[in-house]
Amino acid sequence: MNSGIIEQFEQALLAMDRIEAQRILTRAATKQQTLQYIEDIVVPVLERIGLKWEQGHIPLAQIYMSGRICEELIDSFLPEASPERISHPKIAIAILDDHHLLGKSIISSVLRASGVALEDFGTQDSDGLVEETLKKDIDILLISVLMLASAHHITDVVARLKEQKPSIRLIVGGAPFRFDTELWRTVGADATGHNTNEAIQATWKMIEELS
Amino acid sequence: MSTPAMTSLERVLTTLGHQEPDRVPLFLLLTMHGAKELGMSIRDYFSRADHVAEGQLRLREKYQHDCYYSFFYAPLEVEAWGGDVLYVEDGPPNSGQPFIQHPSQIEKLTVPDMDTPCLQKVLDATATIKKEMPSEAPIIGVVMSPFSLPVMQLGFPAYLDLIYQQPDLFSKLMEINQDFCVAWANAQLDAGATAICYFDPVSSPTIIDRALYQRTGQPVARETLARINGPTATHLASGRSLPIVDDVAATGSAVISATALESLADMKTASRNKLTVLGNLNGIEMARWSPEEARAKVTAAIAAAAPGGGFILSDNHGEIPWQVSDEILMTISETVRESGTYPLLP
């Protein structure tokens, strides 16, 4: 993939220039006639943007708006129910014990923009999250938290889910995991995403492992 | 020659003047730990002003730190606007569903009265602490900045959409929130608070870029702080602050928080003689520190930022998690007394 296109697409997203971003993707989609442009352009750009936030070069607001733009564009090219989206293990995302939606919204947007189909369980308590996950037979569960107490509550969720469905994989994220980089292991998760870059990579790695 | 011991208030005022006091001031920004001291649930603890006043008095007696913290919990302000507060057994009360479900509701918002019960509890707790300990240590009151409160009023995604896409409604919300913030800060000062901690995490470069801050959060802070009748400290609640040190200094704030994600030494250099640095112990990691780790972290922070004054040791978030043990808090306090006495040892 021409690195110039990646640069242009990244610049369009960071400038929140939806029209320019759409123009770049439409041109790529027309040329390729496949979904390869998502892997070649959208995923690397979202990963780069996530890394820039981790390094303190761009703010969270730009990641959120970039993710939103990408999600809308990809939705227009790749409807939610398209076979390309649902031909991988069942994935869901939830917030535990909290109504602060930003982290989940960002991760949800970038994953959808990278072609992943995922269920959004919204805000759940531990019981609700376990019940919903098992009922929907989810294979990969992403949990976002804001508070340290909520992060510790994940321990119970992991234990109950693994007992009922040993093959399930859990990815955790949110502020407590950024400030304590060992905490994800303590709560028994399989992976963490300190930023969107890591969340995308961890999710796709698990998709490949479970497919 | 050793410096005569100062009161906590003298110690803090000296460091705010960018001079070295007798030792490094320590702010243990403890909220929920008062419930542990009183042997009650977090919910019961925050249900009454006298609980919180007693908790703060006991905590300072126990840890010998340098402030009282009359802050209850973050969503208290949205509770005053009619929002929900959710309690858990092992963490701070959290805000429920945003009470503004559609931006058009902003047009109809009115500023809550200061005698709203949840606000009055804080004012009563502040007055009680002030009555018990009139001038020995500063009482730190807290307000959410008008610019950051909307995260709980609307929810974060909707608020970002408002900032970027609906400038008129954003301005209207800032106007209402500023009136509330000023009234709430001044009510706490009238009740006995010595200074106001202005929590403004959305202004952090972690959340928005500096240029946007200069167009939004900074002018809001400058206008708001000018109307508050006492000294103010800007806290970005674990958010990065290094790129906006000069901008925060221009708002009239006396203090800036430092996150554990940035170099404390760099923060001190950037802030020298402009702002006192508050921070930057990692409160999340603190929950699993050993006493040895706690001693090492405190010693390192003092070495990085204490020379010359202009530094208050604290956690980096403005609220120490419930999970942090008494042993670690005591170790932090003891280490400050051992290693934080001026003149500092090389």
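Reader: Leaving aside neighbours within four places in sequence, which residues is B:W184 in contact with?

Author: The model is a predicted one. B:W184 is among the residues that touch the most other members of the largest nonpolar core. Beyond its sequence neighbours within four places, B:W184 is in contact with B:L76, B:E77, B:M114, B:L119, B:V122, B:L123, B:V142 and B:V143.

Reader: Which helix gives the largest share of the largest nonpolar core?

Author: This core holds 162 residues, and A:F9, A:V42 and B:L313 are among those touching the most other members. Its largest share, 12 residues, comes from residues 167-191 of chain B, helix α9.

Reader: Where does this core lie with respect to domain 1 and domain 2 of chain A?

Author: Domain 1 covers 3-77 and domain 2 covers 84-210. Both give residues to the core, so the core lies between them.

Reader: Is the pair of B:F71 and B:F199 stacked or edge-to-face?

Author: B:F71 sits in the loop between β2 and α5 of chain B, and B:F199 sits in strand β6, 128 residues apart. Their ring centres are 6.0 Å apart. Planes under 30 degrees apart count as stacked. The planes here are at 20°, so the pair is stacked.

Reader: Is B:Y159 buried or exposed?

Author: B:Y159 lies in helix α8 of chain B and pairs with B:F170 of helix α9. Buried means under 20% relative accessible area. B:Y159 has 0%, so this residue is buried.

Reader: Over which ring does the charged end of B:K36 sit?

Author: The distance from that charged end to the ring centre is 4.7 Å. The ring belongs to B:W322.

Terms used. Residues numbered from 1 in each chain as written. Chains lettered and ligands numbered in written order. Predicted model: local features only at pLDDT ≥ 70, side-chain atom pairs only at ≥ 80, totals over all residues. Heavy atoms only, no water. Core = buried A, V, L, I, M, F, W, Y, C linked by side-chain atoms within 4.5 Å. Buried < 20%, exposed > 50% of the residue type's maximum accessible area, 1.4 Å probe, protein only. Helix = DSSP H or I, 4+ residues; strand = E, 2+ residues; numbered from the N terminus. Domains from an automatic or database assignment. Contact = heavy atoms within 4.5 Å. Phe/Tyr/Trp six-rings, centres within 6.5 Å; stacked < 30°, edge-to-face > 60°. Lys NZ or Arg CZ within 6 Å of the ring centre and 35° of its normal.
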